[in-house]
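Here are my notes for you as a newcomer to this one. Have the model open while you read, and go through the points in order.

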Amino acid sequence: MATSVARAEQPSLNGILYEPQTKKLTDLPTELLEHILCFPVLKHVDVCNVSCCCKRLHDVCHGRGKVWEHQYKIRWPRLQRFYRLNESCDWLREYTTRHRVGIQIRRTVESISKRFFTEVPCVGQVLGDSFAEIESLGMPEHFCEDELLFILHSDKRKSLTLKYYAKKILYFLRQQNILRSLKTFLEQPAEHQSALEGAVLVDQYCNPLADVTLESISEQVDDVAEKVQKMLRIKNPSHPSLRAAGGDCVLEDFELQRQVLWALNAVLYEQLQYKGNEGDYYNPLNSYIHQVLLRKTGIPISLSVLYMTLARKLGVQLEPVNFPNHFLLRWCQKPRGSEDIVDFVYIDAFGKGKQLTAKECEYLIGHQVTADYYSAISTTEVLLRMVGNLLNIGKRGEGNEKSYQLLRDSLDLYLTINPDNVQYLLLQARLYFHLGIWPEKVLDILQHIQALDPSQHGAVGYLVQHTLEHIQHKKHPVTPEAKRRSAPEHLEVHYSVGLIMKHKRSGYNCVIYGWDPKCTMSQEWITTMRVNQLSSGSNQPFYNVLVQDGTCRYAAQENLEPHSAPLEIGHPEVGRYFSEFAETHYVANEELQTRYPEDIGETLGTVRELYHRISSGSGSREEPSATDQTSRQSKSM
């Protein structure tokens, strides 16, 4: 940085030359110096160096001044909302504290891969020790979250392993916060609990990385309510619901209530085209309120929550009904206090707001039910039904990362609402045991089950024994043996980790993250997948691959070939194995390189030779043929 300004020409007056005055940078006004030191090109290190030059610049860069405030706000822009406007703050101290803790968070995240890496994806790996380390830093939760977001939003194709674990930690931290909010919500008196707020909490917990807030959802619902009011004005310009603020009006006149429901049906189902998702009923998106509003489709319970919320905003008090297989709402036709099922009209929000009698409700499910099923339920029971639907979808899943995560999330929610449900406690313990995660928590769950229901001692005893064995095994982990390509038994392995491949038969794109010289799957799998029909059968190399569609497959060499136009593989587990996408291939992270120490050189050689031939116009490649029967690692070739 220049410390003086020289004039281009010496000034003269009547031929007399004057010596130019030397102007130092430090002679500039403080406001101008601050402006210069707030230039975007200057980083915090530059400001530190400048402040060490002299007392004048040191004073300009004082902790409470504009220079350090600017540095803080460009580094952590999302944290500005936590400071009051024009707040007097020691920005240098704030910056220093957060910078140091940020380094600690980054080191913790970087260390996770070394401690938790496994070659085969361990679904839903719980990184409890690392979460505890970050929480022990004692920093506000919003700062830890911001630091993790900073990692996630850095260069898209680099630091993939760091981002992978930062995302895991952020997922966990947000879920913990949402669980606390849910517990606070459940502690409220029943009359103060909003079904919409409960639905938002369920949505947030299952989608903690999505931008879902009660405020944004409420705004969208209010927009729909305004449209209903406009429609209602056509029907009755003097309707009381047009004058009252949302939720303040409670209509007693049945004709006025009918007008509201008429307008609601017209807007929701005709104007906005909401409908029940019959074609993809078991998609979990149907249960998430932000997706219902976005996609304008859902299942009976999610559409009922929306319908009931809108009706109440406009003065019509509808009640949720836990009808079997088809959630309904009921609308009382008599003075309050009646519980006779014939005194209610039942509304099917899934069926475009159709109004039904009690008898017609039975036609929906094809059999008779007792009067108990027509009773109104509480908001807590609505949430249990909603979470129960997600639980069932998780159990119906195909045993992949997505279905296991949904099952875990819905179990967490259900047991937060109903912590003493032995059936689901046992399911949670079995799930964690099956996934090989969080054995200490499994023991806590089993102890709770035993206290609630001693008759479960058989199942509990079996799980306790094997969980203790798992804990002992963790204390003495076995380091996998490195696979070297130069070993005689590996000479037939043509491809290496990090190569982007294409499946010859199925056409899917994938990246290799592991290999075996021969098929290592069970005989049952080999028979089911018809491996023996391949030209080389199971007696050929097989590759662990991450597929673009999010699955993990076990592919035979003769079915694979290097991709002619490499592309990024959008698989959620890519960061577990690779640190970077390098245009033509993925770069294995340190842990994967330890497992396959000779593959990185092989991968570089392969892509150099392959893409040099393509770029030089040699056309078709003659690569060693490779094969597979695609499918997930647990059930594919």
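**Notes on the strands and helices**

1. Let's start in the middle of a sheet: β12 and strand β13 (residues 542–547) are paired antiparallel through six bridges. One of the matched pairs is G514 with its partner N544 in β13. Some vocabulary: strands (E, at least two residues) and helices (H or I, at least four) are DSSP runs, numbered from the N terminus, and two strands pair if DSSP finds at least two bridges between them.

2. Before going further, a caution: this is a predicted model, where local features need pLDDT of at least 70 and side-chain atom pairs count only at pLDDT 80 or more, while totals for chains, interfaces and linings use all residues. Residues are numbered from 1 along each chain as its sequence is written, and side-chain values use heavy atoms, with hydrogens and water left out.

3. How confident is the predictor? The chain has a mean pLDDT (the predictor's confidence in each residue, from 0 to 100) of 87, and 89% of its residues reach 70 or more. Two stretches deserve care. Residues 119–126 have pLDDT below 50, with 34 contacts in the model beyond near neighbours in sequence; a contact here means heavy atoms within 4.5 Å. Residues 619–636 are also below 50, and that stretch has 88 contacts beyond near neighbours in sequence.

4. Back to the sheet. It is open, has five strands in the order β14-β13-β12-β11-β15, and its pairing is antiparallel. β14 (552–556) and β15 are at the edges with a single partner strand each, so one side of each has no neighbour in the sheet. From one strand to the next the twist averages 50°; angles run from 0 to 180 degrees between N-to-C directions, with axes as lines fitted to C-alpha atoms, for helices over the stretch in contact.

5. Is strand β12 buried or exposed? Eight of the eight residues of β12 (residues 509–516) are buried, so the strand is largely enclosed by the rest of the structure. Buried means under 20% relative accessible area, exposed means over 50%, and partly exposed lies in between (1.4 Å probe, protein chains only).

6. Now look at the other side of β12. Strand β11 (residues 500–503) runs antiparallel to β12, and three bridges join them. I500 has V511 of β12 as its bridge partner, and K502 is opposite N509 in β12. The two strands make a hairpin with five residues between them, and G507 in the turn has a positive phi of about 80°.

7. β11 also pairs antiparallel with strand β15 (residues 560–562), over three bridges. Here K502 turns up again, standing opposite E561 in β15.

8. There is another open sheet, with four strands in the order β7-β8-β9-β10 and antiparallel pairing. β7 (319–321) and β10 (354–356) are its edge strands, each pairing on one side only. Neighbouring strands in this sheet are turned by 40° against each other on average, direction ignored. Strand β9 (residues 344–348) is joined to β10 by three bridges, with the two running antiparallel; D348 is opposite K354 in β10. Helix α14 (residues 358–365) packs on the sheet and touches β8 (328–332), β9 and β10, and its direction makes about 115° with that of β10.

9. For a helix pair, try helix α4 (residues 66–75) and helix α5 (residues 91–116): their axes come within 8 Å and cross at roughly 35°. The crossing of α4 and α5 is left-handed, that is, the near helix is turned anticlockwise from the far one by less than a right angle (right-handed would be clockwise). On the α4 side the contact is made by W68, E69, Q71, Y72, K73 and R75, and on the α5 side by W91, L92, E94, Y95 and R98.

10. Which residue of α4 is worth a click? I'd pick Q71, which sits in helix α4 and counts as buried at 2% relative accessibility. Leaving aside residues up to four places away in sequence, Q71 touches L42, K43, H44, V47 and Y95.

11. One last hairpin: strand β16 (residues 578–581) and strand β17 (residues 586–588) run antiparallel, joined by three bridges. F578 has A588 in β17 as its bridge partner. Four residues lie between the two strands, and E583 in the turn has a positive phi of about 70°.
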